[in-house]
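Please open the model in the viewer and keep the sequence panel visible beside it. The tour proceeds by selections, each followed by a description of what is found there.

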Amino acid sequence: MQRQVAVITGASSGIGAALAEALAARGTQVVLVARSAARLEEVAERLRSAGAIAHVLPMDLAEAGAAQSLHAAIRAMGLAVDTLINNAAIGHYGPFEAEPRERLTQALHLNVVALAELTRLFVPELLLRKGTILNIASTAALQPTPFMSSYGATKAFVLSFSEALWAEYHHRGLHVAALCPGPVETPFIDAMGPGVRRTAIFRKTMPIEAVVKAGLKALDSTRPTRILGAGNWVSAQMIRFAPRALTARLSAAMLKPREFNQ
């Protein structure tokens, strides 16, 4: 029986690499996408040594036209995709005026534009194959996130976009889901900027194994959204009824850089 094929962005480390490993263990053929060719090859070799079929496509999805190039490359490989996992993302922690303009542009393009473009490119074939799309959002999508304003806003887009597509396509056999973890113990946290681990929200992180387990459940279920952690789920329900100004202020208090308290 032909193996299913999953395309995973941001697959060189963290959640993307862990999901690739979990899917490969299921017998899925994986296409690993990220900027670093060397790190992708490390992941791919680890999977191949366990008997998996793993392809490597080094690509910076923050660049204009990258989504089209990725789609064309996969078609040239003759692969029919069953699962698309949009995991690649970048973020910034700190005052908005301190976020480098280049990084802001990269974040908006990678977290929003590339994700939407890739989804649009793959939806027609995923519809034919009754496939699945998993978009990695965040609990940051559930409320305003001062000092992580652009990152939280991009994840709010991911969540809304995913839920809309779920409602549009679930009756046609295409399952779309958004996964909303809290802070996960991966290199992504430290890459956001110094001081982020000293905030109330990032002081405690969840293990990547829990995220992978929830991600597999999201792929297998019919639900559009999966929020990790009972506390995060309860908070998400309470936020719906709280004044938005209050929610934003509470988030600011929990994310405020230490130097602002001096």
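**First stop: helices H3 and H4**

Select Ala-67, Gln-68, Leu-70, His-71 and Ile-74 in H3, which meet Ala-114, Glu-117, Leu-118, Leu-121, Phe-122 and Glu-125 in H4. By class, this contact of H3 with H4 comprises seven nonpolar, two polar and two charged residues. The model on display is a predicted one.

Next, show H3 (residues 66–76) together with H4 as ribbons: the two pack at an angle of about 30°, and their axes are 9 Å apart. Because angles under 35 degrees count as roughly parallel, H3 and H4 are described as roughly parallel to each other. Their crossing is right-handed.

**Second stop: the largest cavity**

Keep H4 (residues 101–128) selected, since this helix provides the largest share of the lining of the largest cavity, namely five residues. Then display the lining in full: Thr-9, Leu-61, Asn-86, Asn-87, Ala-88, Leu-110, Asn-111, Ala-114, Leu-115 and Leu-118. Ala-114 and Leu-118 appear in this lining and also in the contact of H4 with H3.

What is the make-up of the lining by class? Six of its residues are nonpolar, four are polar and none is charged. The space in the largest cavity is about 60 Å³, and the count of cavities of 30 Å³ or more comes to one.

**Third stop: helices H1 and H7**

Move to H1 (residues 14–25) and H7 (residues 208–220), which pack at an angle of about 60° with their axes 10 Å apart. H1 and H7 are therefore oblique to each other. The crossing in which H1 passes H7 is right-handed.

To view the contact, select Gly-14, Ile-15, Ala-18, Leu-19, Ala-22 and Leu-23 in H1, then Ile-208, Val-211, Val-212, Gly-215, Leu-216 and Leu-219 in H7. The residues of this contact comprise ten nonpolar, two polar and no charged.

**Final stop: the second largest pocket**

Select Ala-141, Leu-142, Gln-143, Leu-159 and Arg-240, the residues nearest the centre of the second largest pocket among the 24 that line it. About 460 Å³ of space lies in this pocket.

Which elements should be coloured next, as each supplying at least two residues of the lining? They are helix H5 (149–169), strand S7 (225–227) and helix H8 (230–239). H5 gives the largest share, six residues. By class, the lining of the second largest pocket divides into 13 nonpolar, six polar and five charged residues.

How values were computed. Residues are numbered from 1 along each chain as its sequence is written. This is a predicted model: local features need pLDDT of at least 70, side-chain atom pairs count only at pLDDT 80 or more; totals for chains, interfaces and linings use all residues. Side-chain values use heavy atoms; hydrogens and water are left out. Axes are lines fitted to C-alpha atoms, for helices over the stretch in contact, and angles run from 0 to 180 degrees between N-to-C directions. Helices (H or I, at least four residues) and strands (E, at least two) are DSSP runs, numbered from the N terminus. Angles under 35 degrees count as roughly parallel, over 145 as roughly antiparallel, 65 to 115 as roughly perpendicular and the rest as oblique. A crossing is left-handed if the near helix is turned anticlockwise from the far one by less than a right angle, and right-handed if clockwise. Contact means heavy atoms within 4.5 Å. Ala, Val, Leu, Ile, Met, Phe, Trp, Tyr, Cys and Pro count as nonpolar, Asp, Glu, Lys and Arg as charged, and the others, Gly among them, as polar. On a 1 Å grid over the protein atoms alone, a cavity is a set of points where a 1.4 Å probe fits but cannot get out, and a pocket is an open set with protein on both sides within 12 Å along at least five of seven lines; lining residues have an atom within 4 Å of a point. Grid points are joined across faces, edges and corners, and a volume is the space filled by probe spheres set on the points.
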